[in-house]
Amino acid sequence: MGEKRLGNKAVAHIRKADGKKQTLEEHLLSVSGLTGTFARKIGLSQSGELAGGSHDFGKYAEAFRQYILSANGAIDPDSDEYIDPVSHKGKIDHSTAGAQYVRKRLVREKYPLYAQMMFLSICSHHSGLIDCLLPDGGNGFDKRLNKKEEDTHLAECESKADPAVKNLLASLSEEEILMEWYLKCRSIERREKKFAARAENPAAVSEEYENTRFFKKGLLLRCFFSCLLDADRIDSACFEDEQYKALRKRLGNPDWPKLAGHLEKALSAFSRESVIGRLRCDIADACYARSRSARGIYTLTVPTGGGKTLSSLRFAIHHAREHQLERIVYVIPYTSIIEQNAKVVRDILEKDEEPGTIVLEHHSNIEPVRETWQGKLLSSNWETPVVFTTMVQFLETLFGSGTASARRMHNLANAVLVFDEIQTLPIRCVHLFCHALNFLVEECGSSAVLCTATQPLLGNVPNPEKGQLRLADDPELMPDLTELFRQLQRVRFVDHTQSPMNLEQVGDLALSEQREKGDCLVIVNTKNWAAGLYRYCSEKNAKNVFHLSTSMCAAHRTAVLEEVRSLLAKKEPVLLVSTQLIECGVDISFRSVIRLAAGLDSILQAAGRCNRNMESDYGTVHIVRVVDGLENIRRLDDIREGRNVFLRVMDEYRERIQNGTGDLSDPDIIERYFSYYFHQRRDRMAYPCDLSGKKDTLLNLLGSNRKNVGGSQKGMLRQSFATVAKQFATIEAETQGILVPYGEGKDIIAQLCSLPSRDMAAQSLKRQLLKKAQRYSVNLYPDALRKLGNAVKSMEETGILYLLESHYDTETGITAEATGKMDFLHY
């Protein structure tokens, strides 16, 4: 069979479509080149070549040859060489041999750390980074390092390796590779010592800065690991899928001058006739003026409605052009606004370009994460010039489990990172985020822009030695914030917080505002309140009442917003009840807004949906406090704590707000709010965790791991990488994407359920369907999934979840109670 055609060559992969074999020699040489190229931007190019050329060294073993040929039908099941591929899946170690080979070459008494980092990268390339220290104090690194020959087959592999691979590996200088790691680690050491010396009492914080040095060396390891992962997956995917290979060739390097020309042409068409138009153009001009600034971390503080998306894009494109950066990554808190912002940018930048080759959206969690060929082909590695993703995906890339997310990290190097609505950063991730962003800028050559109307003082947090942002000199891109906020003041706040209301009273206020002003938006903190208020107002026979929440898929929400916008444009009466999803990035304008008390940042975002385009002198924003106990926000820590801090600030500034001498959007009030908020939650900012009853933090576990009883050799890594990856979750509980039968979603579900599992043409169609399916998915917490019970079904083979039609309401979305609609039985 195919084994005869193969001769004596070791095999790396066998293509499912036609049985074609990729030799191990081809794979190792290709991955070596790719890894070296990717790692060049972090100063580790030769290290990358060595890692790439040895990562699958264990595949030279006879045991692996028999396994892969058996798994692909190239060895007859009756043959003595046949190995049952099902029972042996994942049990034949082909990564440790290369790791042991590299460490043996690099180990030096003076520099054991660098050999350890190379070893960890190679041996972990199928599992994710392993624990250096296990939670029980055991040495996970030594355990893997000292695997026996009968398990790793190192000697056998060295004897069988192809001459071209041996020559490549022999040509790489151990001294130069060690020097690469030495220079990178010395840069981290020097930088942290410099910042430690600036502390008021350096001795008192020395332990924290030691923790930081370990933390950043861990980030360096993960970034290098990412280079190897991506190179391995790209070469494998290009062999498996010719379409992907062709697409990569078409991507090329970003043509920033051309893309800048597209943007400038679009901006030149914007009108300066209105006050708001002139201000938005002035903001964009200010961003352009600062685009030649040195690489660093910048802030873009602009009131809502000031046009942050295109202004930040103008800075980013010209900054990338100035410094020859590779891509722009937009990090956005909510999937509900990614599509909107990405469309705006795509419409400008992808003119005359192949769709999808300039702007990428990545926020999929419909398909369960699985390390299969199919999963790898469907995953993204952020290669396009402009990427839109979520904060969840960004943090998972830096700290999450497995390899699917980690492979993207190197594409955050030599890039412009734009964080929209940065105030939504989870409080428990503050120190982790600050360390990571400092690392990406200081050690990986990137720049960052923090965009918001309410800057959360990440450059001035409590316990700065645990991690705060190191902002650029003159970091704010706007020249005069006080004047800018004054010019963009468009609302008057009405304070109801001293007289708490129940649901009926809030509903009556909303109905009154609709009658008096013509339209009203009510923003609440929970989906239950949104549904309850919607029903109450609808039963009062109000005209044009709408509901908006994350119980509805994106396509459903878009349809509602389009209808609402159409009615507003016609000056028809409208009453919209929404959760906070409408606060960030949704371009819509009401004359009156009611916001249930929450954090000041949420209230100001809500105000950004009122009189957004200065249609009148001032709109009205009512701030309502709900009667204690009527709002179930006990488990919503961020909302509850933000509301409490806001009420404290409101007590201090109420007189100024009422007499018109102050405004909630004043920068000094925002600064006071975040100062209180961070101080009150300072103990949550290092990501606390519980490991078998022992209190710790992810900040420590990814640093010096000083609470671990195992200790370590001096200078060696101590991080519990795998343990942290399992503990890490960017939101309080993992959500699961579920397809819903709204509109076209019904047909997408039917098609996905009927696709053959092992057909390449079907997989191509599946990719297209999954891309479309994002708009017909809803993310649910585990308890919500449990309540739905048998209303949620799982597709065979893929595990993709979908909802029965009888549990999707055309007005409010997913409902635990059946609507009475017939389910489509042909699934």
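Q: How many aromatic pairs does the count come to in this predicted model?
A: The count comes to 20 aromatic pairs in this predicted model.

Q: Why is the pair of Tyr111 and Tyr182 called tilted?
A: Ring centres within 6.5 Å make a pair, and planes that are neither under 30 degrees nor over 60 degrees apart count as tilted. The centres of Tyr111 and Tyr182 are 5.9 Å apart and their planes stand at 55°, so this pair is tilted.

Q: What makes the pair of Tyr111 and Tyr182 a tie between parts apart in sequence?
A: Tyr111 belongs to the loop between helix 6 and helix 7, whereas Tyr182 belongs to helix 12 (residues 174-197); the pair therefore ties together parts that are 71 residues apart in sequence.

Q: How do you know whether Tyr111 and Tyr182 are buried, partly exposed or exposed?
A: Buried requires under 20% relative accessible area and exposed requires over 50%. Tyr111 has 22%, so it is partly exposed. Tyr182 has 26%, so Tyr182 is likewise partly exposed.

Q: What makes Tyr677 and Phe678 an aromatic pair, and of which kind?
A: Their rings are 6.2 Å apart centre to centre, with 40° between the planes, and the pair is tilted. Set against the cut-off of under 20%, Tyr677 at 9% is therefore buried, and Phe678 at 5% is therefore buried.

Q: Which residues form one aromatic cluster with Phe215?
A: Phe399, Tyr687 and Phe728 form this cluster together with Phe215.

Q: Why are helix 6 and helix 7 called roughly antiparallel?
A: Angles over 145 degrees count as roughly antiparallel. Helix 6 (residues 96-106) and helix 7 (residues 112-123) pack at about 170°, with axes 8 Å apart; the two helices are therefore roughly antiparallel to each other.

Q: Which residues of helix 6 and helix 7 meet, and of what class are they?
A: From helix 6, Gly98, Ala99, Gln100, Val102, Arg103 and Leu106 meet Ala115, Met118, Phe119, Ile122 and Cys123 of helix 7. By class, this contact has eight nonpolar, two polar and one charged residues.

Q: Which residues have the most contacts inside the largest nonpolar core, and which helix gives the most to it?
A: The largest nonpolar core has 226 residues, and Phe419, Phe433 and Leu458 have the most contacts inside it. Helix 13 (residues 202-240) gives the most to this core, with 15 residues. Leaving aside neighbours within four places in sequence, Phe433 is in contact with residues including Met391, Phe394, Phe419 and Leu458.

Q: Which residues does the second, separate core include?
A: This core of 22 residues includes Ala510, Leu533, Ile594 and Leu596.

Terms used. Residues are numbered from 1 along each chain as its sequence is written. This is a predicted model: local features need pLDDT of at least 70, side-chain atom pairs count only at pLDDT 80 or more; totals for chains, interfaces and linings use all residues. Side-chain values use heavy atoms; hydrogens and water are left out. A nonpolar core is a set of buried Ala, Val, Leu, Ile, Met, Phe, Trp, Tyr and Cys residues joined through side-chain atoms within 4.5 Å. Buried means under 20% relative accessible area, exposed over 50%, partly exposed in between (1.4 Å probe, protein chains only). Helices (H or I, at least four residues) and strands (E, at least two) are DSSP runs, numbered from the N terminus. Contact means heavy atoms within 4.5 Å. Axes are lines fitted to C-alpha atoms, for helices over the stretch in contact, and angles run from 0 to 180 degrees between N-to-C directions. Angles under 35 degrees count as roughly parallel, over 145 as roughly antiparallel, 65 to 115 as roughly perpendicular and the rest as oblique. Ala, Val, Leu, Ile, Met, Phe, Trp, Tyr, Cys and Pro count as nonpolar, Asp, Glu, Lys and Arg as charged, and the others, Gly among them, as polar. Rings of Phe, Tyr and Trp (its six-membered ring) pair if their centres lie within 6.5 Å; planes under 30 degrees apart count as stacked, over 60 as edge-to-face and the rest as tilted.
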